[in-house]
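Good morning, and thank you for the opportunity to present. I shall describe one protein chain, beginning with its overall fold and ending with two particular residues.

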Amino acid sequence: MVNKELTGPALKGVEDRWPNEQMLYAFIKNSEAVIATDSYARTLWQQYNLTIMPPHPDLTDENITNILKYVQAVSE
């Protein structure tokens, strides 16, 4: 959901909450790998009942950029 928390945080403002874009993209592609090495990702995981986001290794950086642009557009 863009504007509502469900099994994870609302997607609105997701880019502003991550320390850097590269880590956000890595999380979207494989959250478990990032949770293992990043304290922010680990905190989110703990905050949302240890729920893992399914991996999306098939998404390119361009795909993710387009998804994030969409999220921004519908949240405004």
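**Overall fold**

The protein chain has five helices and zero strands. I should say at once that this is a predicted model. Read from the N terminus, the order of elements is α-α-α-α-α.

Let us turn to the dimensions. Along the principal axes, the C-alpha trace of the protein chain spans about 30 × 25 × 20 Å. What would a compact globule of 76 residues have as its radius of gyration? The value would be near 11 Å, and the protein chain has 12 Å, so the two agree.

Next, consider contacts between residues at least 6 apart in sequence. In the protein chain, 48% of these join residues at least 24 apart.

**Interior and surface**

Of the 76 residues in the protein chain, 28% count as buried. As a general matter, nonpolar side chains in soluble globular proteins tend to be buried together. In this model, the largest nonpolar core has 14 residues. Those with the most contacts inside this core are Trp18, Leu24, Phe27, Ala41, Ile64 and Leu68. Which elements give two or more residues to the core? They are α2, spanning 21-29, α3, spanning 31-37, and also α4 and α5. The greatest contribution comes from α2, with four residues.

Allow me to take Ile64 as an example from that core. If we set aside its neighbours within four places in sequence, Ile64 is in contact with Tyr25, Ile28, Lys29 and Leu59.

At the surface, the protein chain exposes about 5300 Å², and carbon and sulfur atoms supply 53% of that area. As for charge, the protein chain carries 6 positive and 10 negative side chains. The centres of these two sets lie 5 Å apart.

**Two residues in a loop**

I close with Asn49 and Leu50. Asn49 is found in the loop between α4, which covers 39-47, and α5, which covers 61-75. Leu50 also belongs to the loop between α4 and α5.

What is the sign of phi in Asn49? The value is positive, near 60°, in a residue other than glycine. Leu50, likewise not a glycine, has a positive phi of about 60°.

Are these residues buried or exposed? Asn49 counts as exposed because its relative accessibility is 69%, and the cut-off for exposed is over 50%. Leu50 has 49% relative accessibility and therefore counts as partly exposed.

Thank you for your attention.

Key: Residues are numbered from 1 along each chain as its sequence is written. This is a predicted model: local features need pLDDT of at least 70, side-chain atom pairs count only at pLDDT 80 or more; totals for chains, interfaces and linings use all residues. Side-chain values use heavy atoms; hydrogens and water are left out. Buried means under 20% relative accessible area, exposed over 50%, partly exposed in between (1.4 Å probe, protein chains only). A nonpolar core is a set of buried Ala, Val, Leu, Ile, Met, Phe, Trp, Tyr and Cys residues joined through side-chain atoms within 4.5 Å. Contact means heavy atoms within 4.5 Å. The radius of gyration is taken over C-alpha atoms; the globule rule is 2.2 Å times the number of residues to the power 0.38. Accessible areas come from the Shrake-Rupley method with a 1.4 Å probe; for residues, only the protein chains shown count as cover. Lys and Arg count as positive and Asp and Glu as negative; His and the chain ends are not counted. The place of a charge is taken as NZ of Lys, CZ of Arg, CG of Asp or CD of Glu.
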